[in-house]
Amino acid sequence: MKARTSWDVVCTVEDLVPESGVAVWTEDGPVAVFYLPHRLPALFAVSHTDPFTGKNVLARGITGDLKGQPVVASPLYKQHFNLQTGRCLEDEDVAVKTYPVLLDGNNVRVEIPAVNKESAAA
């Protein structure tokens, strides 16, 4: 049985800052949405929570490219997270959750697992 998901509108394209991230709140928790207009794809969404500190800071991290990988550096201890896979480049045992994201007209949508919606409502 395939898990159910929903594509939630989390912000509009005007809310995005090129080469930077914005924090949005979803029913699955805080998510950092990044807009890198010079890449394809240009939108990325990962958990906003830094797994090393438990703080919601990743949307404020510095974006860049390391060996062809789009990354965000945590603003706290500077670990780099691949924006496509969520993997930490300094510690392969650590990763942040990634989310499919797309632009639907003027709206930015993030795919949120329905399972978490049900448990969040309980």
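Reader: Buried, exposed or partly exposed: which of these does Phe52 count as?
Author: Buried means under 20% relative accessible area, exposed over 50%, and partly exposed in between. This is a predicted model, and in it Phe52 has 33% relative accessibility. That value falls between the two cut-offs, so Phe52 counts as partly exposed.

Reader: Which rings form the one aromatic pair, and is the pair stacked, edge-to-face or tilted?
Author: A search of the whole structure finds one aromatic pair. The rings belong to Phe52 and Phe81, with centres 6.3 Å apart and planes at 45°. Planes under 30 degrees apart would count as stacked and over 60 as edge-to-face, so the pair of Phe52 and Phe81 is tilted.

Reader: How many residues apart in sequence are the parts that this pair ties together?
Author: Phe52 sits in the loop between E4 and strand E5 (62-66). Phe81 belongs to strand E7 and, at 1% relative accessibility, counts as buried. The pair therefore links parts whose separation in sequence is 29 residues.

Reader: Which element supplies the largest share of the largest nonpolar core?
Author: The largest nonpolar core has 14 residues, and Val10, Leu16, Val24, Val33, Ala45, Val108 and Val110 have the most contacts inside it. At least two residues each come from strand E1 (5-12), strand E2 (20-26), strand E3 (29-35), strand E4 (43-47) and strand E10 (107-113). The largest share is three residues, and it comes from E10.

Reader: How many residues are in the second core?
Author: This core is separate from the one just described. Among its members are Ala32, Leu58, Phe81 and Val94. Its residues number 13.

Reader: With which residues is Val108 in contact, leaving aside its neighbours within four places in sequence?
Author: Val108 is among the residues with the most contacts inside the largest core. Outside its sequence neighbours, it is in contact with Asp8, Val9, Val10, Cys11, Thr12, Val13, Leu16, Val33, Val101, Leu102 and Leu103.

Reader: Which residues does a cis peptide bond join?
Author: Most peptide bonds are trans. Here one bond has an omega of about -5° and is cis. Its proline is found in the loop between E3 and E4. The bond joins Leu40 and Pro41.

Reader: What is the phi of Glu19, and what is the phi of Lys78?
Author: Most residues other than glycine have a negative phi. Glu19, in the loop between E1 and E2, counts as partly exposed at 38% relative accessibility. Lys78, in the loop between strand E6 (69-73) and strand E7 (80-82), counts as partly exposed at 48%. Both phi values are positive: near 65° for Glu19 and near 70° for Lys78.

Technical notes
Residues are numbered from 1 along each chain as its sequence is written. This is a predicted model: local features need pLDDT of at least 70, side-chain atom pairs count only at pLDDT 80 or more; totals for chains, interfaces and linings use all residues. Side-chain values use heavy atoms; hydrogens and water are left out. A nonpolar core is a set of buried Ala, Val, Leu, Ile, Met, Phe, Trp, Tyr and Cys residues joined through side-chain atoms within 4.5 Å. Buried means under 20% relative accessible area, exposed over 50%, partly exposed in between (1.4 Å probe, protein chains only). Helices (H or I, at least four residues) and strands (E, at least two) are DSSP runs, numbered from the N terminus. Contact means heavy atoms within 4.5 Å. Rings of Phe, Tyr and Trp (its six-membered ring) pair if their centres lie within 6.5 Å; planes under 30 degrees apart count as stacked, over 60 as edge-to-face and the rest as tilted.
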